[in-house]
Amino acid sequence: MDYEKILSSAIETIRSEGRYRTFADISRERGAFPRAQRHDAGDNARSITVWCSNDYLGMGQHPKVIEAMHNALDETGAGAGGTRNIGGTNHYHVLLEKELADLHQKESALLFTSGYISNEATLSTIAGLLPECVVFSDALNHASMIQGIRNSGAKKAIFRHNDVAHLEELLEAADPKAPKIIAFESVYSMDGDMAPIKAICDLADKYNAMTYLDEVHAVGMYGEQGGGVAERDGLADRITIIEGTLGKAYGVMGGYIASSQALVDVVRSCASGFIFTTALSPVLTAGVLASVRHLRGSSSERIQQQRRAAELKQRMRDAKLPVMPSESHIVPLFIGDPVLCKDVSDLLLNEFGIYVQPINYPTVAKGTERLRFTPGPLHDDNAMDSLINALSEVWQRLGLTRKIA
């Protein structure tokens, strides 16, 4: 068997469908967010503006975060030294878990190396331990949630995206004695819409179900202290498990869950994705701790970020660009074709120094390909002027649609 031929053929199929992924080789400029240096454009590095970062608030560049990481490096060295169970639990881990539990009004919290792992490990463990469990999953849930549900071996029922009536139909049809988990996200990162959290909690109460809320695109961004949409809406106490990331609004790396002491202890004791993974570096953990503490006491970053997002949406509408409806900080711009999506991204980067990554299948459904902009508090009016002018020229040059299919 020619293994290389099979692998090469698979890649060629992806290329022919316009789904081949290329990575921009960039170096972010400390103190100059959202500027970066691009290293794959010839012999000399070229300055670009990043418009697609998940470091939504620029906290990866914040002086408090950088100082905390420098201090931790001097105090503890580089790595954790092992898994959490075998020598890898540093005092920064303990402090951060307490901080996150308090942020979400929960008894306990648990750190993971990424948001993907926190979703996969927690859902697979909890749903797998509950006998005859049924997981009710939103149709647009993240791949990590889908994988966790699949690995649990539990029964699953997929409800139409944000469709509370369909969810109730499925709950009503299920065995009333079976354990149930409703798994959903607060902010869906590709469309920018939000879940009807209160209505889902009402159904959970009615049908005696647990709730699992992925807040990765909302923590740090919403709520008086950055606790997410559940905090903003006064619903955190009604959520069984809140999951978040430390690599987006908090600007560093990692993931976590916050829940009851018993549930967190079960995941800590049983989840392979936690037990057999080297702990987050204390340097990273210290940076996150500084970021969380800062955003609990400061709303200026998220307020300005929301203003910038609203401004960009309006500018796109004024320019007759097909900006998709979004009630959050996510700004998706419809293209509808994978090859054109990549062409637009390449033109913006190569000719205008604007970096925004194409979003194609399987991240979004075929025919809904788009560019996904994430304006931050430091994307000023000049940067927006340059972006809108570049987009208008590219749209005209390529004859792109101005309608959303």
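**Exercise A. Loop residues and phi**

Decide whether Glu-132 is buried or exposed, then place it in the chain and state its phi.

Solution. Glu-132 is exposed, because its relative accessibility is 57%; buried stands for under 20% relative accessible area, exposed for over 50%, and partly exposed for the range in between, with a 1.4 Å probe and protein chains only. The model is predicted, so local features are taken at pLDDT of at least 70 and side-chain atom pairs at pLDDT 80 or more, while totals for chains, interfaces and linings use all residues. Residues are numbered from 1 along each chain as its sequence is written, and side-chain values use heavy atoms, with hydrogens and water left out. Next, the position: Glu-132 sits in the loop between α5 (115-129) and β5 (134-138). Helices (H or I, at least four residues) and strands (E, at least two) are DSSP runs numbered from the N terminus. Last, the backbone: Glu-132 is not a glycine, yet its phi is positive, about 60 degrees.

Carry out the steps for Lys-320.

Solution. Lys-320 has a relative accessible area of 56% and therefore counts as exposed. Its loop runs between α13 (300-318) and β11 (331-334). Its phi is near 60 degrees, which is positive in a residue other than glycine.

**Exercise B. Thr-374**

Determine whether Thr-374 is buried or exposed, and list its contacts beyond its sequence neighbours.

Solution. Start with the location: Thr-374 is in the loop between β14 and α15 (381-398). Thr-374 is buried, because its relative accessibility is 2%. Then take the contacts, meaning heavy atoms within 4.5 Å. With neighbours within four places in sequence set aside, Thr-374 contacts Trp-51, Cys-52, Ser-53, Tyr-56, Ile-330 and His-379. Ser-53 is 321 residues away from Thr-374 along the chain, and their C-alpha atoms are 6.4 Å apart.

**Exercise C. Cis peptide bonds**

Give omega for the peptide bonds from Phe-33 to Pro-34 and from Tyr-361 to Pro-362, and place each proline.

Solution. The bond from Phe-33 to Pro-34 is cis, with omega near 10 degrees. Pro-34 belongs to the loop between β1 (26-28) and β2 (35-38). The bond from Tyr-361 to Pro-362 is also cis, and its omega is near 10 degrees. Pro-362 belongs to the loop between β13 (358-359) and β14 (370-373).

**Exercise D. Helix α4 and its start**

Describe α4 by its span, its start, its buried side and the residue that follows it.

Solution. First, the span: α4 (residues 91-103) has 13 residues and covers 18 Å between its first and last C-alpha, close to the expected 18 Å. The expected span is 1.5 Å times one less than the number of residues. Second, the start: a side-chain oxygen of Asn-90 comes to within 2.9 Å of the backbone nitrogen of Tyr-92. Asn-90 lies in the loop between α3 and α4, and Asn-90 is buried because its relative accessible area is 19%. Not counting residues up to four places away in sequence, Asn-90 touches Thr-76 and Pro-282. Third, the buried residues of α4: Tyr-92, His-93, Leu-96, Glu-97, Glu-99, Leu-100, Ala-101 and Leu-103. These pack against α2 (63-76), α3 (84-88), β4, β10 (255-259) and α12 (282-297). Fourth, the residue after the helix: Gln-105 follows α4 with a positive phi near 60 degrees.

**Exercise E. Helix α14**

Describe α14 by its span, its cap, its buried side and the residue just after it.

Solution. The span of α14 (residues 338-352) is 21 Å for 15 residues, close to the expected 21 Å. At the N-terminal end, Asp-337 is the cap, with a side-chain oxygen 3.0 Å from the backbone nitrogen of Val-339. Buried in α14 are Pro-338, Cys-341, Lys-342, Val-344, Ser-345, Leu-347, Leu-348 and Leu-349. Their cover includes β2, β3 (46-50), β12 (354-355), β13, β14 and α15. Just after α14, Gly-353 has a positive phi of about 65 degrees.

Note on methods:
A polar contact is a pair of N or O atoms within 3.5 Å; within protein, one must be able to donate a hydrogen and the other to accept it, and residues adjacent in sequence count only if both atoms are side-chain atoms.
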